[in-house]
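The following exercises concern one protein chain and are to be solved with its sequence and coordinates at hand. Each task is followed by a worked solution.

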Amino acid sequence: MKHSSDRRRPRPPILAGLLLLAALPAAAQDPPQEAFAGEVTVSEVALDVVVTDARGRVVVGLDRDDFRVKEDGRPVELSEVVFYSHRELMEEAISADELNVDTDLLAHRYFILLFHDQRQLAATLAARQLDAARWAKRWVRTELGPRDLVAVFSYQYGLRPQIDFSNDRDAIASAIDHAIVSQETHPSRLPAADAGMPSLLASLASPEELARETTTIYDALEKLAGAADAVGGRKNLVLFSIGFDSETDDTFFRPDPRYFPRVVQAMNDANLAAYAVDLAPSAARGDAVSRQRGNSLSYLATETGGRHFSNYVNVATPLSEIEEATGGYYLLTYRSRRPAGESGYQRVDVELVNPGFTARAREGYLYGGGSGG
């Protein structure tokens, strides 16, 4: 697909993600849409979208005409679409200009591995967690590349850092081993960050204080999102868990309004997508509580632009699919107008013209500095 040679230079990856940028006075912009009378605020929205084909491979070469973006059912006009990848060349036969990629702005990939220790709920989970750790170490050593950075955390009674973003494969493997050890016996220590690497721990408290601040898994996810917000670009949370309990007795999961809205919004603000690897075997989803837990992982993944993995032979399969699906993403930008002073949470729908492709993006964003609904 050809692109004009005088296009604007792509924004650096630090701007990638679903976030609200500068709010500009209406007088300096185009006339507002008819839906708004009086003073309006014009803001630029940046939305990252992962596009894959039927085999889960990243699709390259798309442009503005290939996307359909809507807010409240109304189409928005895209101002720019740029592709970012951690790989030097997604396809050797396609030039960087044809991909709409600036090779000087190749992006790192950021993976945060979070092992949610729930052995108190099922004795068989210990073996599955050990198996997940084994495959995760193999994945780190054999499938990730030199531009991929990995941080490791665990959660049992509080959030525990095991290693900050690193590309030291041996150190990451050791951190994964520590992550599946009971926190009752695991020493309290702050792992050292690699020199020159982006840091999550720089935004987090000491291990002891962090454990006190994260008495629920929701607290842990929100803290991780806050730390990830300081790191530019798209981040990927690989969550090993059987899911979260619901406040209802129904088969269908209903997000707890005390926790889920703020967790999802924090992750979306931080451009942190959840890839949930469900450690409960399908045969164990026979009762309502177990099904709700599985649905909670699906909800979190969908709302943050990630994916939920449940039916697989071993953990190697979802990990390989995560590696493939995160090979590159599109940064879509457009302008959004609202009455001045208004704040809330805006849901966004992203579709592709080609029905054979799948788009995964954030479900919405905060605007106006207020809390979303």
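The exercises below proceed from the whole chain to a sheet, a helix pair and several individual residues; the model is a predicted one.

**Exercise 1. The chain as a whole**

Task: State how many helices and strands the chain has, and what share of its residues is buried.

Solution.
- Step 1. The secondary structure of the chain consists of 7 helices and 15 strands.
- Step 2. The chain has 373 residues, and buried residues account for 52% of them.
- Step 3. Consider contacts between residues at least 6 apart in sequence: 78% of these join residues at least 24 apart.

**Exercise 2. An open sheet**

Task: Determine the strand order of the open sheet of 4 strands, and identify its edge strands.

Solution.
- Step 1. The order is 4-3-13-15, and the pairing is antiparallel.
- Step 2. Strand 4 (74-75) and strand 15 (364-367) each pair on one side only, which makes them the edge strands.
- Step 3. At one end of the order, strand 3 (residues 67-71) is joined to strand 4 by 2 bridges, and the two run antiparallel. Here Lys-70 stands opposite Pro-75.
- Step 4. Strand 13 (residues 344-352) pairs with strand 15 in the antiparallel sense over 4 bridges. In this pairing Gly-344 faces Tyr-367 of strand 15.
- Step 5. In a regular strand, side chains alternate between the two faces of the sheet. For strand 15, Gly-364 and Leu-366 point one way, whereas Tyr-365 and Tyr-367 point the other way, and all of these residues are buried.
- Step 6. Ser-343 lies in the loop between strand 12 (328-339) and strand 13. Its C-alpha is 7.6 Å from that of Leu-366, although the two residues are 23 apart in sequence. With a relative accessibility of 36%, Ser-343 counts as partly exposed.

**Exercise 3. Two residues with positive phi**

Task: Asp-72 has a positive phi although it is not a glycine, as does Asn-271. Locate Asp-72 and Asn-271, and decide whether Asp-72 is buried or exposed and whether Asn-271 is buried or exposed.

Solution.
- Step 1. Asp-72, with a phi of about 55 degrees, is situated in the loop between strand 3 and strand 4.
- Step 2. Asp-72 has a relative accessibility of 55%. Exposed requires over 50%, so Asp-72 counts as exposed.
- Step 3. Asn-271, with a phi of about 60 degrees, belongs to the loop between helix 5 (260-269) and strand 10 (272-278). This positive phi occurs just after helix 5.
- Step 4. The relative accessible area of Asn-271 is 1%. Buried requires under 20%, so Asn-271 counts as buried.
- Step 5. Helix 5 itself is mostly covered, with 7 of its 10 residues buried. Among them are Phe-260, Val-263, Val-264 and Met-267, together with Gln-265 and Asn-268.

**Exercise 4. A helix pair**

Task: Describe how helix 1 (residues 125-142) and helix 7 (residues 316-325) pack: at what angle and how far apart are their axes?

Solution.
- Step 1. The helices pack at an angle of about 35 degrees, and their axes are 9 Å apart.
- Step 2. The crossing of helix 1 and helix 7 is right-handed.
- Step 3. Helix 1 contributes Trp-135, Ala-136 and Trp-139 to the contact; helix 7 contributes Ala-316, Leu-319, Ser-320, Ile-322 and Glu-323.
- Step 4. By class, the residues of this contact comprise 6 nonpolar, 1 polar and 1 charged.

**Exercise 5. Two buried polar side chains**

Task: Which partner does the side chain of Ser-154 contact, and which backbone atom does the side chain of Asp-164 reach?

Solution.
- Step 1. Ser-154 is part of strand 7 (residues 148-155). Its relative accessibility is 2%, so Ser-154 counts as buried.
- Step 2. The side chain of Ser-154 forms a polar contact, at 3.0 Å, with the side chain of Gln-162.
- Step 3. Asp-164 is located in strand 8 (residues 159-166). Its relative accessibility is 1%, so Asp-164 also counts as buried.
- Step 4. The side chain of Asp-164 reaches the backbone nitrogen of Leu-201 at 3.3 Å.

Definitions and conventions
Residues are numbered from 1 along each chain as its sequence is written. This is a predicted model: local features need pLDDT of at least 70, side-chain atom pairs count only at pLDDT 80 or more; totals for chains, interfaces and linings use all residues. Side-chain values use heavy atoms; hydrogens and water are left out. Two strands pair if DSSP finds at least two bridges between them. Buried means under 20% relative accessible area, exposed over 50%, partly exposed in between (1.4 Å probe, protein chains only). A polar contact is a pair of N or O atoms within 3.5 Å; within protein, one must be able to donate a hydrogen and the other to accept it, and residues adjacent in sequence count only if both atoms are side-chain atoms. Axes are lines fitted to C-alpha atoms, for helices over the stretch in contact, and angles run from 0 to 180 degrees between N-to-C directions. A crossing is left-handed if the near helix is turned anticlockwise from the far one by less than a right angle, and right-handed if clockwise. Contact means heavy atoms within 4.5 Å. Ala, Val, Leu, Ile, Met, Phe, Trp, Tyr, Cys and Pro count as nonpolar, Asp, Glu, Lys and Arg as charged, and the others, Gly among them, as polar.
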